[in-house]
Amino acid sequence: MKKYCVIGCPIKHSLSPKIFNRAFRRMKISAQYKAIEVEPRNLAKFMRDFRENYAGANVTIPHKEKIIKFLDKLSPSAKAIGAVNVIVNRRGKLVGHNTDIFGAMTALKQEIRCQKLEVRNCKNFLRGKCAIVLGAGGAARSIVYGLKKAGARVTVLNRTLSHAKKLARDFKLSGVGHRGFGILKDFNPAQSNILINVTSVGMWHKKVKSLTLPMTPLPQLKKILRGLKNKPIVMDIIYRPLLTKFLRDAKHAGCRVITGDKMFLAQAAKSFELWTGRKMP
Ligand code: ATR
């Protein structure tokens, strides 16, 4: 039986074991998928035995960039993005792929009612649009890459300015009316058409119950968006909870919202294809 997993920290929220195990059963593929919490300090140790034990994996927060040094090869898009969310073990060679970009662009296109669902065809479907991305981690790199490829002008805002600056430099962002990056407090959605949360803030976590973690990266969002005439489409890549506080605030302010399950399912379906060569049911 082939073994697959998703590694991340935290990982308890993940729905990946449910959907992949069900897909394997449905397709009569002898394989098993589980979620494994790997703390950053244990990543090297975990990857030491990976090659012998696993046929593939998904990689999630906070390992999408750090995982690269443990892989033998990258797909062209994973290389351009600098982040990996899928590993395929091809006869002992570990190949890193990025299906987040496909997932995110599919979710956006579904909302924008663009029917061309292949990433290579998505060129310029956001030409003339302005996007604000919150977050500057591995997932943000995929989303920024996808948005730029689709023709959007992108600004990255992040808690840590230096991370936003690096991302803006790597992808040559110019933004609208500013330098293409800033901190979260610089948030100003005027003229923006798309707003995406790619921070981990708002994700289900047992600690949220004791209110030790913030619930949204932009506490003022509802108030700010209410005052806007032309409201952006607002998307969150978090899928648990499905309606994050970030999306609830945007919805209450009258915005169209895209929940994280759209991207999650599309990136998962592509992962399944990479591992099995078959379409996910
Ligand atoms: P992923 O690979 O999923 O993108 P990551 O690389 O760990 O995960 O990135 C997480 C993102 O969430 C980062 O942009 C991080 O901001 P920093 O660069 O300042 O670390 C952001 N983030 C995490 N916790 C946050 C918090 N409490 N407030 C604001 N941003 C937060």
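This report covers the domains, sheets, ligand site and backbone details of a predicted model.

## Domain organisation

The chain falls into two parts, domain 1 (2-98 + 263-276) and domain 2 (101-262). Domain 1 is thus written as two segments, 2-98 and 263-276, whereas domain 2 is given as the single range 101-262. Taken over C-alpha atoms, the centres of domain 1 and domain 2 are 24 Å apart. To the contact between them, domain 1 contributes 20 residues and domain 2 contributes 27 residues.

## The mixed sheet

One open sheet is built from six strands with mixed pairing, and its order is β2-β1-β3-β5-β6-β4. The edge positions belong to β2 and β4; each has a single partner strand, so one side of each has no neighbour in the sheet.

At the β4 edge, the pairing with strand β6 (residues 93-97) is parallel and runs over two bridges. Within that pairing, K73 has V95 of β6 as its bridge partner.

## The parallel sheet

A further open sheet of six strands follows the order β9-β8-β7-β10-β11-β12, and its pairing is parallel. Here β9 (181-183) and β12 (257-258) are the edge strands; each pairs with a single strand, so one side of each is left without a neighbour in the sheet.

Strand β7 (residues 130-134) and strand β8 (residues 153-158) are joined by five bridges in the parallel sense. One bridge links C130 to R153 in β8. The range of β8, residues 153-158, includes N158, a residue that also takes part in the ligand site through its side chain.

## The ligand site

The ligand is surrounded by 17 residues, of which A136, N158, R159, T160 and H163 come nearest. By residue class, the shell divides into seven nonpolar, eight polar and two charged residues. Both domain 1 (2-98 + 263-276) and domain 2 (101-262) supply residues to this shell, so the ligand lies between them.

Three side chains place polar atoms close to ligand oxygen atoms. For T160, an N or O atom of the side chain is 2.4 Å from an oxygen atom of the ligand. For H163, a polar side-chain atom is 2.6 Å from a ligand oxygen, and for N158 the distance from a side-chain N or O atom to an oxygen atom of the ligand is 2.7 Å. Taken alone, the ligand exposes 650 Å², and 81% of that is buried by the protein.

## Backbone details

Two cis peptide bonds can be described. The bond joining C9 and P10 is cis, with omega about 5 degrees; P10 sits in the loop between β1 (2-8) and α1 (16-26). The bond joining I61 and P62 is also cis, again with omega about 5 degrees, and P62 is placed in the loop between β3 (56-59) and β4 (73-74). The strand that ends this loop, β4, is one of the two edge strands of the mixed sheet.

K28 is a residue other than glycine with a positive phi, near 55 degrees. K28 belongs to the loop between α1 and β2 (31-37). The strand after this loop, β2, stands at the other edge of the mixed sheet.

Technical notes. Residues numbered from 1 in each chain as written. Predicted model: local features only at pLDDT ≥ 70, side-chain atom pairs only at ≥ 80, totals over all residues. Heavy atoms only, no water. Near = heavy atom within 4 Å. Polar contact = N/O pair within 3.5 Å; in protein donor to acceptor, adjacent residues only side chain to side chain. Areas by Shrake-Rupley, 256 points an atom, 1.4 Å probe, with all protein chains shown as cover. Nonpolar A, V, L, I, M, F, W, Y, C, P; charged D, E, K, R; others polar. Domains from an automatic or database assignment. Pairing = 2+ DSSP bridges. Helix = DSSP H or I, 4+ residues; strand = E, 2+ residues; numbered from the N terminus. Contact = heavy atoms within 4.5 Å.
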